[in-house]
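Here's a friendly walk through a protein model you may not have met before. Have a look at the structure, then read on for a few spots to visit.

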Amino acid sequence: MSFVRPLTLAALVGLAAPLAQADEVNLYSYRQPELIAPLLQAFTDETGIKTNVAYLNKGMVERLLAEGDRSPADMILTVDISRLAEAVDAGVTQPVESETLTANIPSDFRDPGNQWFGVTTRARLVYASKDRVADGEVTTYEDLADPKWKGRICTRSGTHSYTLALVSAMIEHHGEAATKTWLEGVKANLARKPQGNDRAQVKAIWAGECDISLGNNYYFGKMLADEEQKAWADSVDVVFPVFAEGGTHVNVSGIALTKSAPNKENALKLMEFLSSAQAQEIYAEVNYEYPVAPGSKPSDLVTSWGSFTADNVNLMDLAGHRAAALKLVEEVDFDG
């Protein structure tokens, strides 16, 4: 029986030499192994190639730099464009020439130099109280700074990568000065200091602490699937806001081939498999996200939440604004 084997980092490093000669592929992942297990199981069933996953919650690039050429990792799987760009900038990835990948992944969702490839997208939406927020009351991200929301917004830390990506998109649309003013307005509207994850904000809405929050769309599916958290999800509507002259903010989960890649051929096979409509629909179904391959579609549940037009800003431009976004968040003391 084929299987996904989550290994400790120490185990992966210790097995680096024999793994390089085996019919296997090793991943460093910012996504927990159980979330990608069905996808990797399908790959193993199809190819016979086993997958080993080392889950990290931080420090992926730093670890790859420390390991250098002796790293056992063949691929990285991560979320957020800034983390993908960070890996490329650090020189721990290598370009991939594959007609399959370039055919399956639209150019908007892959690195111009083929260093990384997006496999799913997620929307940064608004969760709004069914009882206290009227239909159509939330329409734009810019509107979150309107004083009508004073004391009504909950959000996670301003320094979290998801928040910084949204702030980067605001910079792309309006420039740094206007974005700083927007951040000050949003901070003035907070019901409490930024804290917790995206689901914690929805729980706060359910508890009556605030009326709206920012969150990624897939958390809605995760809450609906959790007996304890379903009540939180049932208390809100999902709203897809847009930028005043743009669309709904989206980010990516993506993959890249490491510079060391001891199992490069197997890693390429896995990357090409992950780009297929079949694999992306499995991935999107398990994680409640949006696949990017032509002809693929999200799950029926995700589709039921409504449609939206994704913002058309270049993802690499967003990554380029990350430092400025962090500076602005710190200047306004957003988390203070």
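## One disulfide

Let's begin with the cysteines. Counting sulfur pairs within 2.5 Å, you get one disulfide here. Keep in mind as you go that this is a predicted model. The partners are Cys-154 and Cys-210, and their sulfur atoms sit 2.1 Å apart. If the word is new to you, a disulfide is a covalent bond between the sulfur atoms of two cysteines.

So which parts of the chain does the pair link? Distant ones, with the two positions 56 residues apart in numbering: Cys-154 belongs to strand S7 (residues 153-154), while Cys-210 is in the loop between helix H9 (198-206) and strand S8 (212-216). The torsion about the S-S bond is about -115°, so this disulfide is left-handed. Are the two cysteines buried or exposed? Both Cys-154 and Cys-210 are buried.

## Helices H8 and H16

Next up, helix packing. Two packed helices are described by the angle between their axes and the distance between the axes. For helix H8 (residues 176-188) and helix H16 (residues 322-331), the angle is about 40° and the axes are 10 Å apart. Roughly parallel would need an angle under 35 degrees, and H8 and H16 are therefore oblique to each other. The crossing of H8 past H16 is right-handed.

Who does the touching? On the H8 side you'll find Glu-176, Thr-179, Lys-180 and Leu-183, and H16 brings Ala-324, Leu-328, Val-329 and Glu-331. Sorted by class, this contact has four nonpolar, one polar and three charged residues.

## Helices H3 and H13

Now try helix H3 (residues 33-47) with helix H13 (residues 277-287). Their axes come within 8 Å and cross at roughly 155°. Angles over 145 degrees count as roughly antiparallel, and H3 and H13 therefore fit that description. This crossing is right-handed.

From H3, the residues in the contact are Leu-35, Ile-36, Pro-38, Leu-39, Ala-42 and Glu-46; they meet Gln-278, Ala-279, Ile-282, Tyr-283, Val-286 and Asn-287 of H13. What classes make up the contact of H3 with H13? There are nine nonpolar, two polar and one charged residues.

## Lys-193 and its contacts

Swing over to the loop between H8 and H9, where you'll find Lys-193. Its relative accessible area is 53%, and exposed means over 50%, so Lys-193 counts as exposed.

Where in the sequence are its contacts? Setting aside neighbours within four places in sequence, Lys-193 is in contact with Asp-335 and Gly-336. Phe-334 makes a handy comparison of sequence and space: Lys-193 and Phe-334 are 141 residues apart along the chain, yet their C-alpha atoms are 8.3 Å apart.

## Two positive phi values

Last stop: the backbone. Most residues other than glycine have a negative phi. Asp-80 is a residue other than glycine with a positive phi, near 85°. Look for Asp-80 in the loop between strand S4 (75-79) and helix H5 (81-89). Its relative accessibility is 1%, and buried means under 20%, so Asp-80 counts as buried.

Ala-261 also has a positive phi, near 30°. You'll spot Ala-261 in the loop between strand S10 (250-258) and helix H12 (264-274). With 6% relative accessibility, Ala-261 counts as buried.

How values were computed: Residues numbered from 1 in each chain as written. Predicted model: local features only at pLDDT ≥ 70, side-chain atom pairs only at ≥ 80, totals over all residues. Heavy atoms only, no water. Helix = DSSP H or I, 4+ residues; strand = E, 2+ residues; numbered from the N terminus. Buried < 20%, exposed > 50% of the residue type's maximum accessible area, 1.4 Å probe, protein only. Axes fitted to C-alpha atoms, helices over the stretch in contact; angles between N-to-C directions. Parallel < 35°, antiparallel > 145°, perpendicular 65-115°, else oblique. Left-handed = near helix turned anticlockwise from the far one by under 90°. Contact = heavy atoms within 4.5 Å. Nonpolar A, V, L, I, M, F, W, Y, C, P; charged D, E, K, R; others polar.
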